[in-house]
Amino acid sequence: MDFKLVSNYAPMGDQPEAIGELVGAIRRGSKHNTLLGVTGSGKTFTVANVIADLNRPTLVLSHNKTLAAQLYGEFRNFFPENAVEYFVSYYDYYQPEAYLPSTDTYIEKDLSINADIEKMRLSAVATLLSGRRDVIVVSSVSCLYGAGNPADFHATAIRIKVGQVISYKHFLYQLIEALYTRTERELEPATFRVNGDTVDIMAAFGEFGNQCFRVMFFDNEIEAIQTIDPATGQRIHTLDELTLYPTSLFVTTKARINAAVQQIYLDLGKQIDFFEREGRMMEAQRVKQRVEYDLEMIKELGYCPGIENYSRYFDGRAAGTRPFCLIDYFPKDYLLVVDESHVTLPQVHAMYGGDRARKENLVEYGFRLPAAKDNRPLTFAEFEQLQGPSVYVSATPADWELMKSEGVVVEQLIRPTGLVDPPLEVRVTLNQIDDLIEEIDKRVKNDDKILVTTITKRMAEELSKYFDRVGVRNRYIHSDVDTLERIQILEDLRAGMFDVLIGVNLLREGLDLPEVALVAILDADKEGFLRNVRSITQIAGRAARHSQGNVILYADTCTESMRYAIEQSNRRREKQVRYNMEHEMLPQRAQKSGTGQSMLLTNRTTGTAEQTTVLYPMGEEHNSLKAADITKTYIASENLDDLIARAREEMERAAKALDFLAAARYRDRMYELQKIKNENRR
């Protein structure tokens, strides 16, 4: 089936040119291509058109769950008749196993798995293996972590059809090997029930999630396959054939399990000998006790806590070889789209190093076998080897993308709304605060919002105190502000609770607010990470959704970064203004989302106009969540266990709704309550 793009809009501005250039370059064999699109220019809509034209399976890589979920919602709207899947980490929260030698502290792994996201991950894999070509998988960088062997996953799938001769018992064994659980009670996902020659199966995920099938045998022949109502058993449809995929990505065959157990025993003996030769008897005893316990569980139950540390044995991989990952499930001609590439690719760079450092300590001190180091994310070199033709999407692509693209850099500078880049104005620092207050007063009269970026946390706090004294409604935000409170501050800004938001690195909050009419950058001439070309351009873009947007850079000298950012802004403005005049187009302020609502109300340009899309409606329990001083509220409480349990439940509920910001808030509340509980014990 081909991709079918559904939209009320047609490409306009420089979108048609961008689409044509990208499609043409990829068809000519270009592997690396960059889409340099300004904020609000409809980059997602352009990418959707490229996917539809190329008609290839596509992996869209994002740098966090929330942005991935936003893209997932948009692509589902664009391609309602095609397979759009979602693949992110299925942990509601995750505390990895670690050992700190300096304090002799062992931190046990603690996690909570979101069953709904796990089903979506399985659905993505099953769809890719089904042979469909009209597949888009929107993923976070977690897709580069270890996954099961695609050959084993495919081999364990159960394919049956009416009239097929198959041993009844063999069919039941197949279900068990695919990790379905037999039950005599009410059917749940990934379970089956036997009644004479009839087997009722509830699918685990995907298109058939929560759908019940009945397979009827006559001797060893499949007589009928039906979909039924799981509650009443009434037939709904009759099928000719059926494919049931395993209920876990990490599935393998019995023969490979037996071979893995034997190899683990051999490697355990070698590691014990190594520690004993070194005279480290404690480490030798530790690794012996831990691994033998894991092996007993694997032999009896088929799994153990931390079984992923033995993935190399179950995958049949040699020591040091890379693990399988989601990309292995794609055909070789797949298309890779890296969204916000200037942030996403550095994450891919960093993943391996952080994981390796933690695993080195666990192996060195006898908590894990050396094979644990092979359960890891891909290195960047391995990622490059697996890349298909790639499109890097960013308003400020980094040097790596530009170098790799070798001239295939497509600019998309025209906004369908007609908005032009905000002008960048440089002012001296003498009396800069008085000047800034005067500019703030002008915007406040029009009920607009202002962002102010400082170079240090201390300066942000002191500036906030000064604004308080002179009557400017403001809040500050930086890395020391708790996650729970940061989100509340952003929601209060949109709700009109204050006018000025002061911060150090406001980009990390993902602010795309049409209410912002002024961005002030203090100490703009202090070269560094927060004042380089990309940071200045990105910060200035926060005012690009307002028809009267303006950016003021307070500085005494004009650095190369400032000069280049201003030159590029002027160049874009000239092109945008010329386009508006030629097409008699008046700039329209981006549509303002409702105030007082969740920050998950997302303004992303998808066509010729700004749309406000509510991706995850929040229930009353979410709307009532406020930033609170947990210590003051609960320090005297005697029911901390109940409060912790309630926070965990709310976190899991929010994560199931794909509302990861709210889930993070509940997670932080749960951790804070646990901290208070531990302090009360002392």
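In this predicted model, strand β3 (residues 83–87) is largely enclosed by the rest of the structure, because 5 of its 5 residues are buried. The side chains alternate along the strand: Ala-83, Glu-85 and Phe-87 point one way, Val-84 and Tyr-86 point the other way, and all are buried. Strand β3 is joined by 5 bridges to strand β8 (residues 135–140), and the two run parallel. Within this pairing, Val-84 has Ile-136 of β8 as its bridge partner.

Helix α4 comes next. Spanning residues 115–129, α4 has 15 residues and reaches 21 Å from its first C-alpha to its last, close to the 21 Å expected at 1.5 Å a residue. Many of its positions can be listed as buried, among them Ile-117, Arg-121, Leu-122, Ser-123 and the hydrophobic-named pair Leu-128 and Leu-129. After the helix comes Gly-131, with a positive phi near 95°.

The cysteines give a simple result. The disulfide count is 0, where a pair of cysteine sulfur atoms would have to lie within 2.5 Å to qualify. For Cys-143, the closest cysteine sulfur is that of Cys-325, and the separation of 6.6 Å is too far for a bond. Cys-143 is buried, with a relative accessible area of 1%, and Cys-325 is buried too, with a value of 0%.

A further part of the model holds an open sheet of 6 strands, ordered β10-β11-β12-β13-β14-β15, with mixed pairing. Its edges are β10 (181–182) and β15 (235–239), each of which pairs on one side only. At the β15 edge, strand β14 (residues 221–228) is joined to β15 by 4 bridges, and these strands run antiparallel. Here Ile-225 stands opposite Leu-239 of β15. Helix α6 (residues 168–177) lies across β11 (191–195), β12 (198–202) and β13 (212–218), and runs at about 15° to β12.

Two helices then form a packed pair. Helix α7 (residues 254–277) and helix α8 (residues 281–301) meet at an angle of about 170°, with their axes 9 Å apart. The two are therefore roughly antiparallel to each other, since an angle over 145 degrees counts as such. On the α7 side the contact includes Ile-257, Val-261, Ile-264, Tyr-265, Leu-268 and Phe-275, while α8 contributes residues including Met-281, Val-287, Lys-288, Val-291, Leu-295 and Ile-298.

Another open sheet of 6 strands has parallel pairing and the order β20-β25-β24-β21-β23-β22. Its edge strands, β20 (424–427) and β22 (474–477), each pair on one side only. On average, and with direction ignored, neighbouring strands of this sheet are turned by 20° against each other. Inside the sheet, β21 (residues 449–453) and β23 (residues 500–503) pair in the parallel sense over 4 bridges, with Gly-503 of β23 as the bridge partner of Thr-453.

Helices also pack on this sheet. Helix α14 (residues 457–470) touches β21, β22 and β23, and its direction makes about 175° with that of β22. Helix α16 (residues 533–540) lies across β20, β21, β24 (516–521) and β25 (550–554), and runs at about 155° to β24.

Technical notes: Residues are numbered from 1 along each chain as its sequence is written. This is a predicted model: local features need pLDDT of at least 70, side-chain atom pairs count only at pLDDT 80 or more; totals for chains, interfaces and linings use all residues. Side-chain values use heavy atoms; hydrogens and water are left out. Two strands pair if DSSP finds at least two bridges between them. Axes are lines fitted to C-alpha atoms, for helices over the stretch in contact, and angles run from 0 to 180 degrees between N-to-C directions. Contact means heavy atoms within 4.5 Å. Buried means under 20% relative accessible area, exposed over 50%, partly exposed in between (1.4 Å probe, protein chains only). The expected span of a helix is 1.5 Å times one less than its number of residues. Angles under 35 degrees count as roughly parallel, over 145 as roughly antiparallel, 65 to 115 as roughly perpendicular and the rest as oblique.
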